[in-house]
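The following paragraphs walk through one protein model, beginning at a helix and working outward to the rest of the fold. Please keep the sequence and the coordinates at hand while reading.

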Amino acid sequence: MIRGWLIFLFFASCAFRIQAGQYAVLVGVSKYSAGAGRFDLEGPKYDVVSLKRVLTSRYSFPEKNVVVLTNEFATKSGILEALRALVRSAQPGDFLLFYFSGHGTSAFDKNTRPVASSIGPNSGALVPYDLDLRSAEAAS
């Protein structure tokens, strides 16, 4: 009898894990603190709102598992903390989505020369709301 219950509990717990958790951090930066408006974009804040709608309605992401960060909330520390919280909430086998809409940069971008040395020649970087273009130390 106990063995039967153990087998039942094992399969019941497996059934719950078949439905993996779905988590997302969606970042959209339309306005930037640096550059007095010259880096601003129109679309990113709308991109993340639309993507959240698709994830929750079509792909059954629970609303509470989708974090949206836009503009002044899309700082380096805000993005990293949202990702850390997502990882803390997730279980093995869960689906984690990170989406970024905004500027990116690389070592070859003349607009970000002061921070280019910390990016490296064979990679790129996402540009959060609070990027400080004055130096690599301020950006890290």
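On one side of α3, the residues S77, V87 and R88 are exposed. The model is a predicted one, and this helix is a convenient place to enter it. The other side of α3 holds the counterpart: I79, A82 and L86 are buried. These three buried residues cover an arc of only 65° around the axis, which puts them on the same side of α3. What do the buried residues of α3 pack against? Their partners are the strands β1, β2 and β3. The length of the helix can be checked as well: at 1.5 Å a residue, the 14 residues of α3 should span 20 Å, and the end C-alpha atoms are 20 Å apart, which agrees.

The wider setting comes next. The protein has 5 helices and 5 strands, and along the sequence they follow the pattern α-β-α-β-α-β-β-α-β-α. Of its 140 residues, 31% count as buried. Among contacts with a separation of 6 or more, 62% are between residues 24 or more positions apart. The accessible surface of the protein comes to about 9200 Å², and carbon and sulfur atoms account for 61% of that surface.

Then there is the interior. The largest nonpolar core has 15 residues, and those with the most contacts inside it are V25, V27, V29, Y32, L69, A74 and F100. Two elements, β1 (22-28) and α3 (76-89), give two or more residues to this core. Apart from it lies another core, of 6 residues, which includes A24, L55, F61 and V66.

Y32, one of the residues with the most contacts inside the largest core, can be followed further. Leaving aside neighbours within four places in sequence, Y32 is in contact with F39, D40, F100, G102, H103, V127, P128 and Y129.

F98 is found in strand β3, one of the strands against which the buried residues of α3 pack. Is F98 buried, partly exposed or exposed? At 33% relative accessibility, F98 counts as partly exposed. Residues up to four places away in sequence aside, F98 touches V25, V27, I79, L83 and L126. Of these partners, V25 and V27 are among the residues with the most contacts inside the largest core, while I79 is one of the buried residues of α3. F98 and V67 are 31 residues apart in sequence, and their C-alpha atoms are 9.7 Å apart in space.

Strand β3 also takes part in an aromatic pair. The structure holds 1 aromatic pair. The rings of F61 and F95 have their centres 6.0 Å apart and their planes at 80°, so the pair is edge-to-face. F61 lies in the loop between α2 (44-57) and β2 (66-70), and F95 lies in strand β3 (residues 95-101), so the pair ties together parts that are 34 residues apart in sequence. The two rings differ in their exposure: F61 is buried, with a relative accessible area of 5%, whereas F95 counts as partly exposed at 44% relative accessibility. F61 also belongs to the core of 6 residues.

The loop between α2 and β2 contains S60 too. S60 has a positive phi of about 60° although it is not a glycine. At 53% relative accessibility, S60 counts as exposed.

A second residue of this kind is N71, which has a positive phi of about 45° although it is not a glycine. N71 lies in the loop between β2 and α3. Where S60 is exposed, N71 is buried, with a relative accessible area of 12%. Which residues does N71 touch, not counting residues up to four places away in sequence? They are G28, V29, S30, K31 and Y129. Y129 is also in contact with Y32, and V29 is among the residues with the most contacts inside the largest core.

Technical notes:
Residues numbered from 1 in each chain as written. Predicted model: local features only at pLDDT ≥ 70, side-chain atom pairs only at ≥ 80, totals over all residues. Heavy atoms only, no water. Phe/Tyr/Trp six-rings, centres within 6.5 Å; stacked < 30°, edge-to-face > 60°. Helix = DSSP H or I, 4+ residues; strand = E, 2+ residues; numbered from the N terminus. Buried < 20%, exposed > 50% of the residue type's maximum accessible area, 1.4 Å probe, protein only. Contact = heavy atoms within 4.5 Å. Areas by Shrake-Rupley, 256 points an atom, 1.4 Å probe, with all protein chains shown as cover. Core = buried A, V, L, I, M, F, W, Y, C linked by side-chain atoms within 4.5 Å. Expected span 1.5 Å × (residues − 1). Arc of directions from axis to C-beta.
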